[in-house]
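Trainee: I'm new to this one. Can you walk me through it?
Mentor: Sure, let's bring it up.

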Amino acid sequence: MDEHLKRAVRRAFERAAPGYDASAFLQQEVARRLDEHLEEIRVKPARVLDAGCGTGFGAGLLHARFPRAEIVGVDLAHAMLRVAAGRGRAQGWRGLIERLAPRAAHFTPLCADLERLPLREASVDMAWSSLTLQWVDLPRAFAEVRRVLRPDGLFLFATLGPDTLQELRAASSGLDGHAHVNRFVDMHDVGDALMQAGFANPVMEMERLTLTYQDLRGLFADLKGIGAQTVLEGRRAGLMGKTAWAALARNYEAFRRDGRLPATYELVYGHAWAGRPAPRADGRQVIEFRRRPK
């Protein structure tokens, strides 16, 4: 991602941070589902990288699962890290004891770019990323995560696939010449990028989750609340005009079912290891693709 877009992403999440959690139902649900993947993976990390920690919801899940681990929360937005650092912090004398205790620093906030992590090589045992990778250059971010992982370290992540917000994309197609939905990377391409970055034995899964709204303004309020408004180059400088908005709302009505407007999200989950892949007899490497049961 170029610096212009990166600054736009940072500004959007800086503005969204104070009220982010009120609109982050999807983000929190995906983090819970990503955490469930760890039920089947045996790891005991001493240091975990939460890549794109946001307001710290995922870090809370990681701390609950690995109470003795240090969680290094990396995010591009200072405001997100301030919220994350204060999440669940004890008050009064209990808070003082926690800050003075030798193991008090379970969460270490770090404002940084996932494409240029200020961490030493092989310095973390596990990396986790929930709904952040859609905002970065995948090859660069994967290469950085691979660099900071120790040998045989686990990388577990969730991101968005190309069918995300397919209704909004269809309703806005040809509307005014502006992009209204970001483009997301296909699951197979994500798997290929993992292999190219040097990860071993990747496993990819996909599922769809649909949220419903009474009207289109509810959907846009949630997107704005989590800082996920479109930041593509060529985006209009101002707000959508009344005529364009009316046309968008009219087009979206074609998707209404049972009195509600759907917003579909394609969720892509993956995990891989920082180690040498198990080669096939013909020298090829294998990516396992799965579809999560409903």
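Trainee: Over which residues does pLDDT stay under 50?
Mentor: Residues 90-104 stay under 50. The model has 9 contacts beyond four places in sequence for that stretch. A contact means heavy atoms within 4.5 Å, and pLDDT is the predictor's confidence in each residue, from 0 to 100. Residues 277-281 are also below 50, with 6 contacts in the model beyond near neighbours in sequence.

Trainee: What should I do with low scores?
Mentor: Where pLDDT is low, the predicted coordinates should not be read in detail.

Trainee: And what is the average pLDDT of the protein?
Mentor: The average is 86, and 81% of the residues score at least 70. This is a predicted model, where local features need pLDDT of at least 70, side-chain atom pairs count only at pLDDT 80 or more, and totals for chains, interfaces and linings use all residues. Residues are numbered from 1 along each chain as its sequence is written, and side-chain values use heavy atoms, with hydrogens and water left out.

Trainee: Now the overall build. How many helices and strands?
Mentor: The protein has 11 helices and 8 strands. Both are DSSP runs numbered from the N terminus: helices are H or I with at least four residues, strands are E with at least two.

Trainee: What share of the residues is buried?
Mentor: Buried residues make up 50% of the 294 residues. Buried means under 20% relative accessible area, exposed means over 50%, and partly exposed lies in between (1.4 Å probe, protein chains only).

Trainee: How much area does the protein expose?
Mentor: About 15200 Å², and carbon and sulfur atoms supply 52% of it. Accessible areas come from the Shrake-Rupley method with a 1.4 Å probe; for residues, only the protein chains shown count as cover.

Trainee: Let's go to strands. Why is β4 largely enclosed?
Mentor: Strand β4 covers residues 124-130, and 6 of its 7 residues are buried, so the rest of the structure largely encloses it.

Trainee: Which way do β4 and its partners run?
Mentor: Strand β1 (residues 47-51) runs parallel to β4, joined by 3 bridges. Strand β5 (residues 149-160) is also parallel to β4, with 6 bridges. Two strands pair if DSSP finds at least two bridges between them.

Trainee: Which residues are bridge partners there?
Mentor: D50 has W128 in β4 as its bridge partner. V124 has L149 in β5.

Trainee: What about β6, which strand does it pair with?
Mentor: β6 pairs with strand β7 (residues 261-274) in the antiparallel sense, over 12 bridges. There, E207 stands opposite L267 in β7. β6 spans residues 200-213, and 10 of its 14 residues are buried, so the rest of the structure largely encloses this strand.

Trainee: What is the phi of N201?
Mentor: About 50°, which is positive although N201 is not a glycine. N201 is found in β6. At 35% relative accessibility, N201 is partly exposed.

Trainee: And D258, buried or exposed?
Mentor: D258 is exposed, with a relative accessible area of 83%. Its place is in the loop between α11 (242-252) and β7. Phi of D258 is near 55°, a positive value in a residue other than glycine.

Trainee: Switching to the inside. Which residues touch the most other members of the largest nonpolar core?
Mentor: L38, M126, L219 and Y265, in a core of 40 residues. β7 gives the most to this core, with 5 residues. A nonpolar core is a set of buried Ala, Val, Leu, Ile, Met, Phe, Trp, Tyr and Cys residues joined through side-chain atoms within 4.5 Å.

Trainee: What does L219 touch?
Mentor: Not counting residues up to four places away in sequence, L219 touches L165, Y213, Y252, A263 and Y265. There is a second, separate core of 31 residues, which includes L114, L133, L138 and V148.

Trainee: Which residues are buried in helix α5?
Mentor: In α5 (residues 78-86), A79, M80, L81 and A84 are buried. Their cover includes α1 (3-16), α2 (20-23), β2 (70-75) and β3 (107-111).

Trainee: Last topic. How many disulfides are there?
Mentor: The structure holds 0 disulfides. A disulfide is a pair of cysteine sulfur atoms within 2.5 Å.

Trainee: Why is there no bond for C111?
Mentor: The closest cysteine sulfur, in C53, is 9.3 Å from the sulfur of C111, too far for a bond. C53 is buried at 7% relative accessible area, whereas C111 is partly exposed at 33%.
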